[in-house]
Amino acid sequence: MKDAIQFIGKLFLGLALAHSVQAQPTAVGNWRTHFAYNSANSIEIVEDVIYTAGMQLNTYSLTEQEYSSYSKVNGLSDADISLIRYDKESKFLIIIYTNGNIDLLNQGQFSNIPNIKNQNITGSKRINSVFFKNKLMYLSTDFGIVVINPIRNEIKETYVLQLNSQQLEVKDLCNLNGFFYAATNQGLFRADENNIELQNYTSWNQVVSTPLNFTFSQNNLLFAGSNTTLYQVQGSALTSFYTTTSGISRIRTGSSDFYVCEQGNQKAVKIFNGNGVLLDSARYINPGDVVERNANEIWEADNWEGCVKLNNRTSKELVNPNGIYSNSVYNLSYANDQIWVSGGGELEWVYLFNRTGISQLKSDGDWVWYNANYGIAAMDSVLDILDVTVDTRNQYIYGASFGGGLLEIHPDRSTTVYKNTAYILPFGSSYRITGLAFDNNHNLWMSNYGSEAQLVVKKADGSWQSFGFPYGVSEKAASQVVIDNANQKWVVAPRGIGIYVLNDNNTIDNKSDDEIRFLRMGDGFGNLPNNEVNCIEKDKNGKLWVGTADGIGIFNCPESITSTTGCDAELKTVQYDQDAGHLFQRENVRTIAVDGANNKWIGTNNGVWHISDDAEKILQRFTMQNSPLPSNEINKILIHPKTGIVYIATNAGLVSYRGEATDGNETQDALTVFPNPVPSGYQGKISIKGLVENSDVRITDIAGQLIYRTKAQGGQAVWNGKHYTGTQPKTGVYYVFVTNADGSETKAGKFIFNE
């Protein structure tokens, strides 16, 4: 931890150039990834560029001191990279993913080899290592050795090794003195590298029977290793020369020395000379991989701190651009024109001891971190942040800790932690605050999971009150808090319980006039589609959309929920394609978001749906297969009301998509066109932003001839850059005329269009 704080100055020094690239506006319909830079598991040097890999491929130019990234947005075919290696002979970088997919990069061009990923085999497809020889790539996999010809972008052949009719897992490969050596789960095997029948398993002979994960040559000596021990191989004998209680995760050779990454209880990079003599260690790191640049400088891919330069091979210097702290993204919230990421977690409402804390995406594109490693000591014990909100009066940040109570962070980063009070009560030995919401009077409402008083409020004057729900249920579960237009508090009760609603009649301290309703499945009881409720979202019309483990229920009259007439959820019947049924029936709806046009964004375990405001039509559908989503398991969707950017938190990290709809403005004075000028050859959508809600938008040429007419989606209109006839307008100046629905707000603007 001290090392991280010590180097934070170096981390943020020189980030201005990297940020200037990242901060460019994203065009409508385009994606952006927001993966963490401070977590990497593989590293390589290609000429003067350092490549690191994790969820995406990151580069740092040593000569230009510039950063760039590659993901599914701009070239990669997949996400979650396990290994990268560069072949100096063929000049190809191979990019290997955890699912067995492969990309090749050569002279800025990507190509894909999906054969292993798509292969229908029983057992693991894991690719463990790569060995290069004669411009070929030899992949050691759990089902054999796969040989790739990168120049022809094809798999050349496959060697399946066997012993006693058992297929071997090949972990590593090297060659020495005309022989290939393969480290397997059944020992070390050898074959003549010039044998034309290497595909025949009888060409491979067992040298030793000890299970091995590594083999390599250095100083004309042959070495091998298990996950705890290093050996020198002499004929059919293994001579142990180093043993560790930490796990050996990777071994890399340098010009004369070799490097061993250990990731167990004593995390370090151990440096050995070519004869296997331990020379030194680099500590206070969590190495996933290491590569040698020269005899005095190595670079490390660190699971905690990303790209790390080790000067004199032991002195740490962080080399990362500004970004989100972690790919652990549980929840998203919007406050003060900024996006807040809750990096904690729970698994079936058991805490995970997640120390990620909070990441704040500022309006200028910079990220700020709040956790124990970056100046907030209290967060060393306040873990698993599940929700975040901000008091706009004093800019206090509040974090809901699932185990540590309510966290209050002041602008100077000092903190107050609320727990063990008369109102925030423990569940066992923990204080489980799960959901947060401010009402219009600056009262902070929070759910207290497991407490007899599941709903707690910290009032604007600093005093407290709590509310219990008097129903016999299996567990006092409580999570998300939503406040409807009638100032009623809706509390999700997970674990198959349902929803609680409190109407305090705007008299928080007078409990005699409180009205409480318990909602669950069944006519007259709330008519939820399922008692396992995941989320509630209020739309532009004040309706509440409830996502459950079996579809969506819509409360069209939530203000009447505690009245004598009540208000059951509508189980809307829709027909998508050939299928008809209740809305999202048989889908586990994890999250719902509402854009500026009142359209809904639905996140499930099967990706994202963008549907019309009345739910009758699917507007867009995104999955891992047709978009840059790194996973189909969606934790949260949040839409920035001013920009229309749709932030999507998955179980593998955060991505965003620039949607067409934004919230409307009160006037047309903020009208802007992006991009302006429209560059020649531009194929994206052109957005007209800052409009009064649902304005009429007309685009004309300089002579006043109408080119295009549309209606704004909330506060933004989008043009595909084509004339009504489908042709592209000529280069010149074009005008935008905007009028709101009743004609009281008008505005004109202009922009330049280049063919």
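## Salt bridges, a three-stranded sheet and selected loop residues

Asp 509 and Lys 459 form a salt bridge in which the closest N and O atoms are 2.4 Å apart; a salt bridge here is a side-chain nitrogen of Lys or Arg within 4 Å of a carboxyl oxygen of Asp or Glu. Asp 509 lies in the loop between strand S48 (498-503) and strand S49 (515-519), and Lys 459 in the loop between strand S44 (455-458) and strand S45 (464-467), so the pair ties together parts that are 50 residues apart in sequence. Strands (E, at least two residues) are DSSP runs, numbered from the N terminus.

The model is predicted: local features need pLDDT of at least 70, side-chain atom pairs count only at pLDDT 80 or more, and totals for chains, interfaces and linings use all residues. Residues are numbered from 1 along each chain as its sequence is written, and side-chain values use heavy atoms, with hydrogens and water left out.

### Salt bridges

The structure holds 28 salt bridges. Side chains of opposite charge can pair when their charged atoms come close. Three of the pairs are listed below with the relative accessible area of each partner, where buried means under 20%, exposed over 50% and partly exposed in between (1.4 Å probe, protein chains only).

| Pair | N to O distance | Accessibility of the acid | Accessibility of the base |
|---|---|---|---|
| Asp 509 and Lys 459 | 2.4 Å | Asp 509: 48%, partly exposed | Lys 459: 11%, buried |
| Glu 297 and Arg 293 | 3.1 Å | Glu 297: 9%, buried | Arg 293: 41%, partly exposed |
| Glu 154 and Arg 152 | 3.4 Å | Glu 154: 29%, partly exposed | Arg 152: 59%, exposed |

Through shared partners, salt bridges also join Glu 44, Arg 85, Arg 250, Arg 252 and Asp 289 into one network.

### Asp 484, an acid without a salt bridge

Asp 484 sits in the loop between strand S46 (481-483) and strand S47 (489-493). This residue is buried yet has no salt bridge, and the nearest side chain of opposite charge, that of Lys 538, is 6.8 Å away. For this purpose Lys and Arg count as positive and Asp and Glu as negative, while His and the chain ends are not counted.

What does the side chain of Asp 484 meet instead? One of its polar atoms lies 2.9 Å from the backbone nitrogen of Ala 486. A polar contact of 2.7 Å also links the side chains of Asp 484 and Gln 488. A polar contact is a pair of N or O atoms within 3.5 Å; within protein, one must be able to donate a hydrogen and the other to accept it, and residues adjacent in sequence count only if both atoms are side-chain atoms. With neighbours within four places in sequence left aside, Asp 484 is in contact (heavy atoms within 4.5 Å) with Trp 490, Lys 538, Leu 544 and Pro 558.

### The sheet S50-S51-S52

Two of these contacts of Asp 484, Lys 538 and Leu 544, are bridge partners of each other, with Leu 544 in S51. Strand S50 (533-538) is an edge strand, as is strand S52 (551-555), and each pairs on one side only. The 3 strands form an open sheet in the order S50-S51-S52 with antiparallel pairing; two strands pair if DSSP finds at least two bridges between them. S50 and strand S51 (residues 544-548) pair over 5 bridges. On average, neighbouring strands of this sheet are turned by 20° against each other, direction ignored, the axes being lines fitted to C-alpha atoms and angles running from 0 to 180 degrees between N-to-C directions.

### Backbone features in loops

Two cis peptide bonds fall at prolines of one loop. Phe 674 and Pro 675 are joined by a cis bond with omega of about -5°, and the bond from Asn 676 to Pro 677 is cis with omega near 5°. Pro 675 lies in the loop between strand S62 (672-674) and strand S63 (686-689), and Pro 677 lies in the loop between S62 and S63 as well.

Positive phi occurs in residues other than glycine. Glu 47, with phi near 55°, is found in the loop between strand S2 (42-46) and strand S3 (49-53), and is exposed at 65% relative accessibility. Asn 219 has phi near 55° and belongs to the loop between strand S20 (214-218) and strand S21 (221-225).

### Gly 405

Gly 405 lies in strand S40 (residues 405-409) and is buried, with a relative accessible area of 0%. Beyond its neighbours within four places in sequence, Gly 405 contacts Gly 399, Ala 400, Tyr 418, Lys 419, Tyr 431 and Ile 433. The C-alpha atom of Gly 405 is 8.9 Å from that of Thr 434, which is 29 residues apart from Gly 405 along the chain.

How values were computed. Helix = DSSP H or I, 4+ residues; strand = E, 2+ residues; numbered from the N terminus.
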